[in-house]
Amino acid sequence: MTTATALDVTALRADFPILSRTVRDDKPLVYLDSGATSQRPLQVLDAERDFLLNHNAAVHRGAHQLAEEATDAYEHARAAIAGFVGAAVDEIVFTKNATESLNLVAYALGDDRSAPLFGGKALGEGDTIVVTELEHHANLVPWQELCRRTGATLRWYGITDDGRIDLDSLELDESVKVVAFTHQSNVTGAVADVPELVRRARAVDAYVVLDACQSVPHMPVDFASLGVDFAAFSGHKMLGPSGVGVLYGRAALLSQLPPFLTGGSMIETVTMESSTYALPPQRFEAGVPMTSQVVGLGAAVEYLEKIGMDVVAAHEHDLVVHALDRLGAIDGLRIVGPRDAQMRGGAIAFDVEGIHAHDLGQILDDEGVAIRVGHHCAWPLHRQFGVQASARASLAVYNTLDEIDALADAIGVAQRFFGER
Ligand SMILES: Cc1ncc(COP(=O)(O)O)c(C=O)c1O
């Protein structure tokens, strides 16, 4: 395999046994679907296994040794994850995925107990929530629901022809209370100008919610420096387990936010009539949490830190440059997103003239190349581009330049099969 930049990708791939398996008549697997879910290194599996074999117990309950060890492991992971994204420990809330994190914020902000966060008046008619046309449904539908519940109005930034947020398409005014947007599009790979979007939101006193699902696994991200109020990401997209997501919230805001799910562990006092709630993050972690997954996510963070997020970003940048080069040279292929690698990550959606994305996905699969096809949970974006479905290759730190070549070659096979070229 060819290597790029300072990363010894051949050595790194040895940590991911699944990457050396074959598929479909002994074709080497070329996994280019990490935007949907990434593969996990042995170090993450080992951490989960060690936890389950030796320390498993319900956390934050009980006085026995295993319960103590489990709680320590869980909180150690929280500290590692907090450090990884520039947060304080009590600013990290564990959820089951990014979707739940975004629902938590959208739901809690719509609760009338959040009124102090909006100058004493609960969200309602006359207020505006702003998103973008680039959003994954996970950062769109919860805001639609919030508007439906409260009477607030949903507005959005449109997109440019190359699939970036069009900052000229919307002026914010004092009615805007929340601006929610994706850090890196899971379709076009466009990286948002976060400082500028934060500046605009601050100018009208709106809160900023960042969907960091496709950025945290691929580049250094520091939520405090970015100045966002809330952010969401998922374990399974960053070499960690599925079933665990993270909500970041600025401490001053989380402490004023009412709970989302209620029940055990998130309370301070309970009588038959009413309850008071624990401080964050426990207030937002009702019930026994997904403990081994949190421990696994802590190990994933330590694994990425050991490589260095700068090295991860540089390696993926080289892959993107090569992919744009190879795909850009294919006649009849249109990239749905920026054609240059500046402020652009490794989600590369494309459309091949005369071949439906699903047919393309099937031929690529026959060649051992695993990509995603469909609308990638971003239907409005596809509508805007006038396509029902696109093909998407999405990269991670373990991919190689040779795998990009395999993708380009497989697209050629599909074009010949369908008689397009
Ligand atoms: C940009 C973005 N936001 C949100 C999500 C939702 O993540 P999850 O399904 O893990 O909750 C995804 C997953 O594809 C995504 O790519």
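The following dialogue explains how to read several features of this structure.

Colleague: What kind of model is this, and how are its residues numbered?

Modeller: This is a predicted model, in which local features need pLDDT of at least 70, side-chain atom pairs count only at pLDDT 80 or more, and totals for chains, interfaces and linings use all residues. Residues are numbered from 1 along each chain as its sequence is written, and side-chain values use heavy atoms, with hydrogens and water left out.

Colleague: Which residues surround the ligand most closely?

Modeller: A residue is counted as near a molecule if one of its heavy atoms lies within 4 Å of it. Here 14 residues surround the ligand, and the closest are Thr99, Asp211, Gln214, Ser234 and Lys237.

Colleague: How is the shell around the ligand divided by class?

Modeller: Ala, Val, Leu, Ile, Met, Phe, Trp, Tyr, Cys and Pro count as nonpolar, Asp, Glu, Lys and Arg as charged, and the others, Gly among them, as polar. The shell has three nonpolar, nine polar and two charged residues.

Colleague: Which ligand atoms pair with the side chains of Asp211, Ser234 and Lys237?

Modeller: A polar contact is a pair of N or O atoms within 3.5 Å. A ligand nitrogen atom is 2.5 Å from an N or O atom in the side chain of Asp211. A ligand oxygen atom is 2.6 Å from an N or O atom in the side chain of Ser234, and a polar side-chain atom of Lys237 lies 2.6 Å from an oxygen atom of the ligand. The ligand taken alone exposes 390 Å², of which the protein buries 90%; such areas come from the Shrake-Rupley method with a 1.4 Å probe.

Colleague: How many cavities does the structure hold, and what lines the largest?

Modeller: On a 1 Å grid over the protein atoms alone, a cavity is a set of points where a 1.4 Å probe fits but cannot get out, and lining residues have an atom within 4 Å of a point. Grid points are joined across faces, edges and corners, and a volume is the space filled by probe spheres set on the points. The structure holds three cavities of 30 Å³ or more, and the largest has a volume of about 60 Å³. Its lining includes Val59, His60, Tyr74, Ser265 and Gln282. By class, that lining has three nonpolar, four polar and two charged residues.

Colleague: Where does Ser265 lie, and what is its phi?

Modeller: Helices (H or I, at least four residues) and strands (E, at least two) are DSSP runs, numbered from the N terminus. Ser265 is found in the loop between helix H8 (251-254) and strand S11 (267-270). Its phi is near 75°, a positive value in a residue other than glycine. Asp25, in the loop between strands S1 (22-23) and S2 (27-28), also has a positive phi, near 60°.

Colleague: Are Asp25, Ser265 and Gly249 buried, partly exposed or exposed?

Modeller: Buried means under 20% relative accessible area, exposed over 50%, and partly exposed in between (1.4 Å probe, protein chains only). Asp25 counts as exposed because its relative accessibility is 75%. Ser265, at 26%, counts as partly exposed. Gly249, in strand S10 (residues 245-249), is buried because its relative accessible area is 0%.

Colleague: Where is the cis peptide bond?

Modeller: A cis peptide bond joins Pro280 and Pro281, with omega about 5°. Pro281 lies in the loop between strand S12 (275-277) and helix H9 (291-307).

How values were computed. 1 Å grid on protein atoms, 1.4 Å probe; cavity = no way out; pocket = protein on both sides within 12 Å on 5 of 7 lines; lining within 4 Å. Polar contact = N/O pair within 3.5 Å; in protein donor to acceptor, adjacent residues only side chain to side chain.
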